[in-house]
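Me: Could you take a close look at one part of this model with me? I'd like to go through it slowly, with the reasons spelled out.

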Amino acid sequence: MSKGSPHLCKPCRNAATRAWAEANPSQWERNQRRSYLRRKYGMTEADYDALLEAQGGLCAICGGPPGDSRGFRPHIDHCHKTGRVRGILCNLCNQGLGGLRDDPEILRSAIAYLLRHREAA
């Protein structure tokens with residue numbers, strides 16, 4: 001039997017949940033988002049909204065809109081060692097940090113490289 005619903009077996013509970021999710025897609029997505037924020041980052045939706053508002057609704061690095069035209073949500077940036085949330089980033093800035101392995105020395109080296117090879121304006 002399902003722990004969440006002791007009067008239904010797991011396959012029946014899964015089927016009922018699937019049917020409800022299909023009938024209520026926006027509420028299902030909101031519930032999934034709430035659960036994800038709480039489980040992965042220890043945040044509530046209000047915490048997320050407050051962080052984004054403190055950043056002026058923009059990416060914490062480039063200052064652009066945190067979402068993008070392909071429908072990607074803003075990314076919650078966090079320290080992979082401590083799990084502490086640092087800010088909200090657009091997809092490209094998040095990928096940039098990940099590609100540079102969150103290492104300030106590699107980032108400094110990348111900046112120096114770009115400055116050395118900057119084309120004359």
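Reply: Let's start with Glu29, which is partly exposed, with a relative accessible area of 45%. Keep in mind that this is a predicted model. The side chain of Glu29 meets that of Arg73 in a salt bridge, with N and O 2.6 Å apart. Now check where the two partners sit: Glu29 belongs to helix α2, which runs over residues 25-41, while Arg73 is in the loop between α3 (45-54) and β1 (75-78). That puts them 44 residues apart, so this salt bridge links distant parts of the chain. Arg73 has a relative accessibility of 41%, so it counts as partly exposed too.

What makes such a pairing possible? Side chains of opposite charge can pair when their charged atoms come close.

Move one residue along and you reach Arg30. Its partner is Glu45, and the closest N and O atoms of that salt bridge are 3.4 Å apart. Here, too, distant parts of the chain are linked: Arg30 is in helix α2, Glu45 in helix α3, and 15 residues separate them. Since the cut-off for a salt bridge is 4 Å, a pair at 3.4 Å makes it in. Arg30 is partly exposed at 47% relative accessibility, and Glu45 is partly exposed at 25%. There's a third member to add: Arg34 joins Arg30 and Glu45 in a network of salt bridges. If you want the bigger tally, the structure holds six salt bridges.

Next, the helix itself. How far apart are the end C-alpha atoms of α2, and does that agree or disagree with its number of residues? You can work through it: α2 has 17 residues, and at 1.5 Å a residue it should span 24 Å. The C-alpha atoms at its ends are 23 Å apart, which agrees.

Now think about which residues of α2 are hidden. The buried ones are Arg33, Leu37 and Tyr41. These three cover an arc of only 30° around the axis, so they are on the same side of α2. Turn to the other side of the helix and you find Arg38 and Arg39, which are exposed. So what covers the buried residues of α2? The cover includes α3, β1 and β2 (85-89). Notice that α3 is also where Arg30 finds its partner Glu45.

Tyr41 deserves a second look. At 14% relative accessibility, Tyr41 falls under the 20% limit and so counts as buried. Its ring also has company, but let me go through the aromatic pairs in order. A search of the whole structure finds two of them. In one, the ring centres of Trp20 and Trp28 are 6.3 Å apart and the planes are at 70°, which makes the pair edge-to-face. Trp20 is partly exposed, at 32% relative accessibility, and Trp28 is partly exposed at 30%. In the other, Tyr36 and Tyr41 pair edge-to-face, with 5.7 Å from centre to centre and 85° between the planes. Why do I keep giving you two numbers? A pair of aromatic rings is described by the distance of the centres and the angle of the planes. Compare the two tyrosines: Tyr36 is partly exposed, with a relative accessible area of 31%, whereas Tyr41 is buried.

And what follows α2? The helix is followed by Gly42, whose phi is positive, near 65°.

One last thing, for contrast: a salt bridge between Arg86 and Asp77, where the closest N and O atoms are 2.8 Å apart. Arg86 is partly exposed, at 36% relative accessibility, but Asp77 has 7%, so it counts as buried. Set that beside the pair we began with, where Glu29 is partly exposed and so is Arg73.

To pull it together, picture α2 with one side holding the buried Arg33, Leu37 and Tyr41 and the other side showing the exposed Arg38 and Arg39. Then add the salt bridges from Glu29 to Arg73 and from Arg30 to Glu45.

Terms used
Residues numbered from 1 in each chain as written. Predicted model: local features only at pLDDT ≥ 70, side-chain atom pairs only at ≥ 80, totals over all residues. Heavy atoms only, no water. Helix = DSSP H or I, 4+ residues; strand = E, 2+ residues; numbered from the N terminus. Buried < 20%, exposed > 50% of the residue type's maximum accessible area, 1.4 Å probe, protein only. Expected span 1.5 Å × (residues − 1). Arc of directions from axis to C-beta. Contact = heavy atoms within 4.5 Å. Phe/Tyr/Trp six-rings, centres within 6.5 Å; stacked < 30°, edge-to-face > 60°.
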